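Biologist: Could you take me through one part of this assembly in close detail, and then place it within the wider arrangement of chains and domains? Please give your cut-offs as you go.

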Amino acid sequence: MHVLVCGGTGCQASASAQIIKNFEDILAAKGLQDEVQVVRTGCFGFCEKGPIVKIMPDNTFYTQVKPEDVEKIVNEHIIKGRKVTDLLYMDPENKEHVADSKHMGFYRKQLRIALRNCGFINPENIDECISRGGYEALGKVLSEMTPQQVVDEVTKSGLRGRGGAGFPTGVKWGLCAKNKCDEMYVICNADEGDPGAFMDRSIMEGDPHSIVEAMAICGYAIGATHGLVYIRAEYPLAIHRLQVAIAQAREYGLLGKDILGSGFDFDIELRYGAGAFVCGEETALIHSMEGKRGEPTLKPPFPAVSGYMAKPSNVNNVETFANVPIIITKGADWFASIGSEKSKGTKVFALAGQINNVGLIEVPMGTTLRDIIYEIGGGIKGGRKFKAVQTGGPSGGCLTEKHLDTPIDYESLAAAGSMMGSGGMVVMDDTSCMVAIAKFYLEFTCEESCGKCSPCRIGNKRMLEILTKITEGRGTMDDLQELRNLAAVIKDTALCGLGQTSPNPVLSTLDNFWDEYVEHVVDKKCRAGVCKKLMRYEIDKEKCIGCGACKKNCPAEAISKTDYIAPGHKLPSMTIDPSKCIKCGACISTCKFSAISVK
Amino acid sequence: MINVTIDNKQIQVPEGTTILKAARMAGIHIPTLCYFELAGMKFENKPGGCRVCVVEVTKDFNGRPRRNLAPACATDCVEGMEVLTHSARVINARRTVVELILSDHPTDCLTCAKSGNCELQSLAQYLGIRDIPFKGEQSHYRQDMSPSIVRDMDKCIMCRRCENMCNNVQTVGALSAINRGFSAVVAPAFEQDLVDSPCVMCGQCVQVCPVGALTEVDDTRNVMAAINNPKKTVIVNTAPATRVALGEEFGMPAGTIVTGQMAAALRRLGFDYVFDTDFTADLTIMEEGTELLGRIKKFMAGDKSVRLPILTSCCPGWVNFFEHNFPDMLDVPSTAKSPMQMFGAVAKNYWADKMGIKREDLVVVSIMPCLAKKYESKRKEFYKDGNPDIDYVLTTRELARLIKQFNLDLKDMPCEDYDDPLGESTGAAVIFGATGGVIEAATRTAYEVFTGKPLPKIDFTELRGMEGIRDAWVDFDGTPIHIGIAHGLSNARTLLQRVREGKEQFHAIEVMACPGGCVGGAGQPYHHGNSEIIKKRTEAIYREDLGKPIRKSHENPSIKKIYEEYFGEPCGHKSHELLHTHYFDKSEHVEISE
């Protein structure tokens with residue numbers, strides 16, 4: 001029997017390490033340590049309901065397990081064979097408990113290829129990885145395939161870069177392989193920087209060997225013997241697991257000299273990034289690895305010609321690599337049979353925002369936004385109204401109700417005015433202000449711009465200033481015009497992908513939520529009640545009994561007595577001076593007569 | 001050759017040509033800002049950062065239009081490419097980009113040191129910008145001033161020319177981009193002051209800065225105050241390279257020699273005596289040449305303690321550079337002071353005594369093509385009782401400003417002579433202004449002293465040229481002497497590294513910090529990347545040499561006289577006291593007077 005406990009960063013933060021320890025201690029106390037194995041796995045994806053504990057082989061999925069629940073699971077489930085019902089997932093529709101994750105709405109429409117081993121194996125144990133087919137693909141390419149055949153197979157599969165741009169991976173490998181050189185590099189881009197995105201981290205934490213294996217395969221295909229993983233230092237667990245995986249692979253002869261007796265040498269080093277979004281751009285990433293300032297340079301030359309240390313280099317994203325071994329073992333045709341016409345395979349998304357099932361999901365390309373939000377995501381939190389979904393992170397756009405049936409693939413998302421990006425997906429309900437959302441993403445790009453080119457360095461700052469003006473009620477219709485022109489020019493002139501896409505959240509909200517902008521500018525109103533400067537706290541003088549509780553609680557001394565006594569009341573009513581009010585809401589919470597409201 | 005069409009004009013260009021260069025070949029102007037090239041000096045700055053030179057590629061390699069606008073400076077032409085440099089889309093983008101740059105740039109053009117020479121100003125004019133639609137926060141940075149350079153980074157437009165110059169051409173490594181986004185700026189590491197950085201004050205960053213972010217320290221007010229003070233005797237000396245560049249500030253073609261007009265103008269500004277640094281350049285040759293011969297003779301006699309090659313030491317940027325970067329070799333350079341510091345020492349001792357002027361009542365001003373000279377004059381070893389040998393250093397540009405303030409035009413000036421006795425000089429002195437000149441001047445004298453024979457030919461053309469590193473064997477009547485020359489500090493570093501590692505042996509090496517030598521100095525009129533200007537100035541330097549009646553330092557009558565009257569012999573006791581100096585290890589720490 002196996003007890004699988006999620007050891008991803010999220011569940012660890014919810015005490016999954018303690019859960020593991022409790023299992024080990026209690027099982028040992030009962031003398032069951034040899035029969036029941038406790039495994040710390042990578043992320044299961046259903047972070048909303050973490051920490052997750054799964055019991056195998058009977059495939060029982062416990063959610064939101066606390067350390068004190070462990071004793072019950074051991075006593076009831078492991079010893080007596082009875083499921084602990086109150087720890088099972090409850091279907092929100094029919095209120096029934098579901099034990100098998102296959103039957104949960106969250107998992108039903110998912111297809112896990114890149115995440116195939118996450119949640120199944122102990123990522124720090126190479127044997128468990130090998131038992132699930134790990135390194136089979138490496139063995140196959142080294143013994144049965146020529147480098148060109150590997151490139152061809154990956155090309156045929158239709159795999160495209162999962163970092164966001166969607167360049168065909170096999171073609172990229174082929175371009176690099178053409179530039180034969182005594183020193184070439186395979187670089188894994190693990191500088192995941194979109195706010196709220198954790199696809200790559202989860203793969204590295206849950207199945208690090210898939211990356212090690214894929215990089216070696218890539219090295220063989222393009223003729224490189226050095227691998228480098230550029231990973232941000234704020235991913236300590238992913239770094240640790242990659243280090244363990246690399247050490248184990250070396251020990252098993254799957255990295256190093258003469259791998260599996262094939263004569264092929266390959267090894268991997270880690271390089272740490274300081275957490276700059278722009279370093280996800282491949283030229284900036286390479287500069288950062290070289291010890292230079294992490295800023296992009298113009299392409300061409302492409303890294304395939306002149307990359308790390310001016311040597312031909314192939315840069316792929318973590319998720320892209322994670323797909324490679326299974327393409328080799330199951331074949332390009334199998335992979336190409338999944339997904340849509342131009343976008344093959346699956347895509348991992350970090351589902352976040354005002355949605356019931358927050359977590360990490362993997363779906364076939366072509367799945368609609370509606371399926372993701374309502375089936376997998378379980379709909380909008382609190383039954384509120386869906387307003388927008390933001391894909392592609394700070395470079396993406398906000399899509400609306402009318403886009404819900406858009407199939408998820410590179411072309412469709414771009415056509416709808418957003419982009420695939422690396423896989424962040426934030427769902428918003430009617431409590432989100434779209435102007436504030438555009439401002440939020442722009443704040444991020446302003447913070448993360450390297451400052452090299454003027455449109456991004458100054459233009460984004462100016463756009464942010466205009467948006468700030470609008471959210472503070474100082475905007476004009478001319479500002480909206482200026483915003484559009486500026487956005488278009490930045491898109492047209494910025495040096496790198498970060499700058500060229502940074503206006504997207506602004507442009508897409510201008511296109512899809514024009515009314516909301518106009519409301520902010522003309523009516524000085526924020527319908528979602530997010531823009532504080534546009535809010536006004538008012539006391540209904542007819543309802544106010546003049547008790548003065550609000551006046552006492554106001555930290556800004558903005559409330560004073562009026563001369564007016566409402567009919568039926570004895571004391572004069574209160575009023576709020578908007579010039580002093582700081583909109584903290586203290587008055588509302590103290591008023592027992594519902595006399596204060598926000599306008 | 002490949003075919004491209006720019007603004008409907010078909011042209012053929014070699015493969016690897018950028019759109020910008022192709023357009024220039026076709027006579028089409030594409031405005032640029034960050035782009036900068038110093039042709040023939042291995043300096044091309046094209047970070048593609050400002051985005052002013054963007055153009056519309058209507059047909060790319062794949063036959064389709066390019067999605068984004070392309071920076072012409074950094075995009076190579078491909079066969080069949082079609083480009084529009086001034087379409088409505090391009091003009092709107094270009095104009096918006098410049099408006100954005102202006103929105104984060106102080107508009108204090110009235111008082112800006114760069115006004116009239118500012119490339120951003122010209123660009124705003126070209127694009128007809130009359131107002132800046134974007135109002136918002138402006139960047140503010142702490143002002144920083146070294147003895148030579150003023151950094152006003154509020155004006156920085158992140159063209160990165162200075163950074164590129166400092167790191168790649170000069171390998172000084174004082175400047176680099178720091179911070180992110182809107183706060184990004186070029187600065188010394190950790191935003192420390194320039195004086196605490198490895199800056200050698202060569203000022204080449206100032207020479208290439210398109211705006212007023214990097215400028216020279218202005219000493220014109222101090223100089224005018226001294227001239228206006230009746231108690232002070234104010235004398236001036238002019239460096240060799242100033243006389244072939246000053247004319248440019250008055251609309252004369254590059255390479256015009258204005259020696260006589262400059263002397264006349266200086267008199268009209270109110271200087272009491274107008275002398276020439278060329279006089280002390282001849283003196284430098286006497287000292288440095290004697291030192292070289294001394295070392296060579298000892299070496300040939302088998303003295304293993306002799307340090308060869310001797311390195312020239314007249315360039316203060318270079319002196320700083322080896323003090324910072326080669327502290328293990330401080331006993332290698334010649335101990336002879338630079339001509340300017342020799343002038344100060346001679347003026348405030350020999351001449352002041354002779355004239356009966358008290359040291360504190362004598363103000364010595366230098367006109368220099370150089371910014372490091374401002375720093376050099378403030379080195380503590382060149383002070384006596386709190387009074388410096390050289391009081392103020394003005395650059396060629398500052399002098400031009402002063403002359404204009406006095407409503408004078410150099411073109412209208414008569415040709416006047418320098419005053420005696422510190423005004424007489426030879427052709428050997430004037431060539432100090434060009435790369436290879438110091439060592440050629442030294443060779444002319446050393447040859448005759450060493451061999452006791454007259455030179456068969458005066459012009460050592462093998463020592464001239466613009467190659468960054470040059471070397472030549474000179475036959476001293478049967479004794480071959482190996483001479484090395486470097487200009488630009490990366491070349492100096494390369495050459496000195498070879499010497500340090502024992503890979504190559506030289507008897508003497510001349511180094512000038514600035515590309516081209518002093519003619520390309522940071523205090524000279526801005527060349528805006530036109531390296532032809534530097535070449536023209538160099539030619540003028542050699543023309544001036546050719547026109548001199550005496551062309552060997554040791555034949556200068558005033559030099560002979562000063563040795564007879566005062567110094568006795570080169571490298572003698574008195575010389576050592578006044579004309580020689582020593583060097584400091586600055587690898588960790590820098591000291592400045594005042």
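Modeller: A residue is called buried if 20 or more other C-beta atoms, placed from the backbone, lie within 10 Å of its own, exposed if 12 or fewer do, and partly exposed in between. Because this is a predicted model, local features need pLDDT of at least 70 and side-chain atom pairs count only at pLDDT 80 or more, while totals for chains, interfaces and linings use all residues. Residues are numbered from 1 along each chain as its sequence is written, and chains are lettered from A and ligands numbered from 1 in the order in which they are written.

The part I would choose is strand E12 of chain A, residues 359-364, where strands (E, at least two residues) and helices (H or I, at least four) are DSSP runs numbered from the N terminus. Six of the six residues of this strand are buried, so the strand is largely enclosed by the rest of the structure. The burial concerns both faces of E12(A): Gly359(A), Ile361(A) and Val363(A) are buried on one side, and Leu360(A), Glu362(A) and Pro364(A) are buried on the other. Strand E11 of chain A, residues 346-353, runs antiparallel to E12(A) and is joined to it by six bridges, two strands being counted as paired if DSSP finds at least two bridges between them. One residue pair in this arrangement is Lys347(A) with its bridge partner Val363(A) in E12(A), and five residues form the hairpin connection from E11(A) to E12(A).

Chain B has a strand numbered E12 as well, spanning 214-216. There, three strands form an open antiparallel sheet in the order E8-E9-E12. Strand E8 (144-145) and strand E12 of chain B stand at the edges with a single partner strand each, so one side of each has no neighbour in the sheet. Strand E9 of chain B, residues 149-151, pairs with E12(B) over three bridges in the antiparallel sense, with Ile149(B) opposite Glu216(B).

The two chains meet through 25 residues of chain A in contact with 30 residues of chain B, a contact meaning that the C-beta atoms, placed from the backbone, lie within 7 Å. On the side of chain A that touches chain B, helix H17 (434-448), helix H18 (454-471) and helix H19 (477-493) each supply at least two residues, and H18(A) gives the most, with eight.

Within chain B, the assignment, which comes from an automatic or database source, gives domain 1 (2-86), domain 2 (119-216) and domain 3 (283-335 + 426-578). The centres of domain 2 and domain 3 of chain B, taken over C-alpha atoms, are separated by 33 Å, and 14 residues of domain 2 are in contact with 14 residues of domain 3. Helix H4 (161-169) and helix H5 (204-208) of chain B are the elements giving two or more residues to the side of domain 2 that touches domain 3, and H5(B) has the largest share, three residues.

Taken as a whole, chain B has 18 helices and 22 strands, and its C-alpha trace spans about 80 × 60 × 50 Å along its principal axes. Buried residues make up 53% of its 594 residues. Of the contacts in chain B with a separation of 6 or more, 74% join residues 24 or more positions apart.
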